[in-house]
Amino acid sequence: MTTTPCFTVDAFADAPFRGNPAAVCLLAAPKPAKWLQAVAAELNLSETAFVTPKKGGFGLRWFTPVCEVDLCGHATLAAAHVLWSEGLVRAGESIRFATSSGALMAARDADGRIAIDLPAGALRPVKVPAGLAKALGCKPVDVCRGGDDLLVALRDERAVAGLDPDLAALARLPFRGVIVTARAAKGRRGVDFVSRCFYPAVGVPEDPVTGSAHCALGVYWAVELAKTTLRGFQASARGGHVDVTLRGDRAVLRGGAVTVVRSELLA
């Protein structure tokens, strides 16, 4: 019987049970999307990364429990971690992933943290969508659109931490997800901004730590704070830090990763 190695990795974390858990499945060859989706639904994490060998690197696809997505930062970081920790890529070697969002690179810093190079994307200011304030339960200070997501700035960190949104109402808005952010409180040393991320439309009510959202967050706060190297804290129940460096139209995200489950998929 052929089996598929499968791992659960806490990404953007320096210890188990923090950051954002992602499943990583190492495939010998590409599989049909229907099978990939069934596996992601079975594993039922916010994202499952499927990695396949490819000339010059690896193919990479990401699935939530209900759909495929075009970009996922934390599962990319998790996939790179598995390839290094399982000895499939040499320790000092960088990794090239071929994805639906183009070529993505991963490298390991001297301190063991992983740096992933993602498209930064662009933000454009938009009017506050009808129903947004009611769904969030608070008044936005600023609203921008970045790709399929909406970025909403609030007055302060306490407003972000205190959110108890109507997830069903957020899911009805014409966006993949809603990224809520504010400048970090003065007492939170070494952190520039905080955020929370909601994706009920794609089966993820609140994501613990969202890599792709930090591309948009980096672009937004680089303008607001006049700096291109920033640190974000995603204030979910698990919590996690993401370091962001903007380089032109790219965002380099850095964080740790910890394997918590090693298993075999039998189906």
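Start by selecting helix α6, residues 211-225: 13 of its 15 residues are buried, so the helix is largely enclosed by the rest of the structure. Keep in mind as you go that this is a predicted model. Put a distance between the first and last C-alpha of α6 and you should get 20 Å, close to the 21 Å expected at 1.5 Å a residue. Now step just past the end of the helix to Ala 226, which takes a positive phi of about 55 degrees.

Next, colour the nonpolar core. The largest one has 58 residues, and α6 supplies the largest share of it, 9 residues. Which residues have the most contacts inside this core? Pick out Val 24, Val 51, Trp 62, Leu 83, Ile 95, Phe 97 and Leu 253.

Zoom in on Leu 83. Skipping its neighbours within four places in sequence, you'll find Leu 83 touching Leu 26, Val 51, Phe 58, Leu 88, Val 89, Ile 95 and Phe 97. Then look elsewhere: apart from the largest core lies another, of 23 residues, including Val 152, Ala 184, Val 191 and Val 194.

On to the strands. Select β15, residues 229-234, together with β13, residues 193-199: they pair in the parallel sense over 3 bridges. Here Ser 195 sits opposite Gln 234 of β15.

Now add β16, residues 240-247, which runs antiparallel to β15 with 6 bridges joining them. Click on Arg 231 and look across to its bridge partner in β16, Asp 243.

Last stop: the hairpin of β15 and β16, with 5 residues between the strands. Select Gly 239 there and check its backbone, where phi is positive, near 70 degrees.

Note on methods: Residues numbered from 1 in each chain as written. Predicted model: local features only at pLDDT ≥ 70, side-chain atom pairs only at ≥ 80, totals over all residues. Heavy atoms only, no water. Core = buried A, V, L, I, M, F, W, Y, C linked by side-chain atoms within 4.5 Å. Buried < 20%, exposed > 50% of the residue type's maximum accessible area, 1.4 Å probe, protein only. Helix = DSSP H or I, 4+ residues; strand = E, 2+ residues; numbered from the N terminus. Contact = heavy atoms within 4.5 Å. Pairing = 2+ DSSP bridges. Expected span 1.5 Å × (residues − 1).
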